[in-house]
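Work through the exercises below with the sequence and the model in view. Each task is followed by its solution.

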Amino acid sequence: MYKILFTILTFLFPNQNDYLLDQLYSELGWEFSEVLEDDSQIYYKQIENIDLKAIKITRDIFINPEKVLETIKDIDAYNTVLKSSPNLVTTPILHEEDILAKHDISVPIFSDLYYFFKIFESDKKVYWVLQNPDMYKTNNSSGYSLNTGCGGWDYTKNDDGSYKISYTLIFDIDSYPDWFVNYLNYNSLINVFNDVVLAAQNRS
């Protein structure tokens, strides 16, 4: 039922990722879940008409948050930065204007995955959106291609001079069970967040 409703939404929103991105950055519907040992906070949001949850992690940091955003835009360094994701390989795609890359993900038991993503930026925010793999056929891989998903990083300044940095994402892998997709999203969110913040702290 949820998949049928989401298909209907694609007619209302020609690019379903635009709809998902709007949902990620809407403050409505987020529910607190837990506090991790490093004081990071996890939130979930049930996206309307989809049997998947968006997930967000936030933490207060005392470094320049622009270094975090710069780390996200530096796709050439991903394979070095993302130390906690050894099953993820990043391949930058040369483009005169856009920041584009491809991720290949090896997944035990299930089919391997790959997707193409483009990075955008605005004030205090950097976000990425999956691209139609048919646009990059010369770069396609074996495995299952993804085209529904997005995520983003943003920050606000706290009264004590620190910054609250947030990373939010959602993926839909229609060949995987929803419970496993939510599990992957949770672990990916935490691993990427920790690796990026650490790399930003060490960034000159």
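A charge counts as sitting over a ring if NZ of Lys or CZ of Arg is within 6 Å of the ring centre and within 35 degrees of the ring normal. The model used here is predicted.

**Exercise 1. Find what lies over the face of Tyr114, and what sits over the ring of Tyr25.**

Step 1. Over the face of Tyr114 lies Lys102, at 5.4 Å from the ring centre.
Step 2. For Tyr25, the residue is Lys125, whose charged end is 4.0 Å from the centre of the ring.

**Exercise 2. Classify the ring pair of Phe120 and Tyr127, then state how buried each residue is.**

Step 1. The structure has 16 aromatic pairs.
Step 2. In the pair of Phe120 and Tyr127, the ring centres are 5.3 Å apart and the planes meet at 15°.
Step 3. Planes under 30 degrees apart count as stacked. The pair of Phe120 and Tyr127 is therefore stacked, with its planes at 15°.
Step 4. Tyr127 has a relative accessible area of 19% and is buried, while Phe120, at 30%, is partly exposed.

**Exercise 3. Do the same for Phe180 and Tyr183, and place them in their helix.**

Step 1. The centres of these two rings are 5.9 Å apart, with 20° between the planes, and the pair is stacked.
Step 2. Both residues belong to helix H5 (residues 178-201). Phe180 and Tyr183 are three residues apart there, so about one helical turn separates them.
Step 3. Phe180 is buried at 11% relative accessibility, whereas Tyr183 is partly exposed at 47%.

**Exercise 4. Which residues form one aromatic cluster with Trp128?**

The cluster joins Trp128 to Tyr78, Tyr115, Phe117 and Phe171.

**Exercise 5. Describe how strands S4 and S5 are arranged.**

Step 1. S4 covers residues 88-93 and S5 covers residues 99-105.
Step 2. The two strands run antiparallel and are joined by six bridges.
Step 3. Five residues lie between S4 and S5, and the two strands form a hairpin.
Step 4. Pro92 has Ala101 of S5 opposite.

**Exercise 6. Why do the buried residues of H3 line one face of the helix?**

Step 1. In H3 (residues 65-73), the buried residues are Pro65, Val68, Leu69, Thr71 and Ile72.
Step 2. Viewed down the axis of H3, these buried residues fall within an arc of 155°, so they line one face of the helix.
Step 3. Now look at the start of H3: a side-chain oxygen of Asn64 comes to within 2.9 Å of the backbone nitrogen of Glu66.

Terms used
Residues are numbered from 1 along each chain as its sequence is written. This is a predicted model: local features need pLDDT of at least 70, side-chain atom pairs count only at pLDDT 80 or more; totals for chains, interfaces and linings use all residues. Side-chain values use heavy atoms; hydrogens and water are left out. Rings of Phe, Tyr and Trp (its six-membered ring) pair if their centres lie within 6.5 Å; planes under 30 degrees apart count as stacked, over 60 as edge-to-face and the rest as tilted. Buried means under 20% relative accessible area, exposed over 50%, partly exposed in between (1.4 Å probe, protein chains only). Helices (H or I, at least four residues) and strands (E, at least two) are DSSP runs, numbered from the N terminus. Two strands pair if DSSP finds at least two bridges between them. The arc is that of the directions from the helix axis to the C-beta atoms. A polar contact is a pair of N or O atoms within 3.5 Å; within protein, one must be able to donate a hydrogen and the other to accept it, and residues adjacent in sequence count only if both atoms are side-chain atoms.
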